[in-house]
Amino acid sequence: MLKKLLIFFSISFLFSQEQSITNLTVGQLTDGSGLIAVNYDLIDEAGIFASFNVSVQLSIDDSPFESYSGNLVSGDVGENVIPGTGKIIYIQAPDETYS
């Protein structure tokens, strides 16, 4: 059975509407690790913020979104993510989601 996986990013900032996530791509690694790689660029066009808080939420088969943190995610995620290009987050796929 094919499961549908939806990933939602949350970027926290106080004000300004000139931040964006661009060039977003998502794919499963083919090394058998069960990791999902999320590549993105975090752009702060105004240049006012030194860093952002980036979090990940998942929804599988239209279920409610679930926050992922701790050892389930790694890379450019969490507190103090510096804006720039070529950011990557690794997410451990939930059990039995991928083979």
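In which sense do β4 and strand β7 (residues 78-81) pair, and over how many bridges? They pair in the antiparallel sense over two bridges.

## Basis of the description

The model is predicted: local features need pLDDT of at least 70, side-chain atom pairs count only at pLDDT 80 or more, and totals for chains, interfaces and linings use all residues. Residues are numbered from 1 along each chain as its sequence is written, and side-chain values use heavy atoms, with hydrogens and water left out.

Strands are DSSP runs (E, at least two residues) numbered from the N terminus, and two strands pair if DSSP finds at least two bridges between them.

## Pairing around β4

Within the β4–β7 pair, Phe52 has Val81 as its bridge partner. β4 is also joined to strand β5 (residues 66-68), by three antiparallel bridges, and there Val56 stands opposite Tyr68. β4 and β5 form a hairpin with five residues between them; in its turn, Asp61 has a positive phi of about 50°.

## The four-stranded sheet

An open, antiparallel sheet is formed by four strands in the order β2-β3-β8-β6. Because β2 (19-28) and β6 (73-75) stand at the edges with a single partner strand each, one side of each is left without a neighbour in the sheet.

Antiparallel strands β3 and β8 are joined by seven bridges; Asn39 has Ile88 in β8 as its bridge partner.

## Nonpolar core

The largest nonpolar core (buried Ala, Val, Leu, Ile, Met, Phe, Trp, Tyr and Cys residues joined through side-chain atoms within 4.5 Å; buried means under 20% relative accessible area with a 1.4 Å probe, protein chains only) has 15 residues. Val54, Ile89 and Ile91 have the most contacts inside this core. β3 (35-44), β4 (52-60) and β8 (84-92) each supply at least two of its residues.

Technical notes:
Buried means under 20% relative accessible area, exposed over 50%, partly exposed in between (1.4 Å probe, protein chains only).
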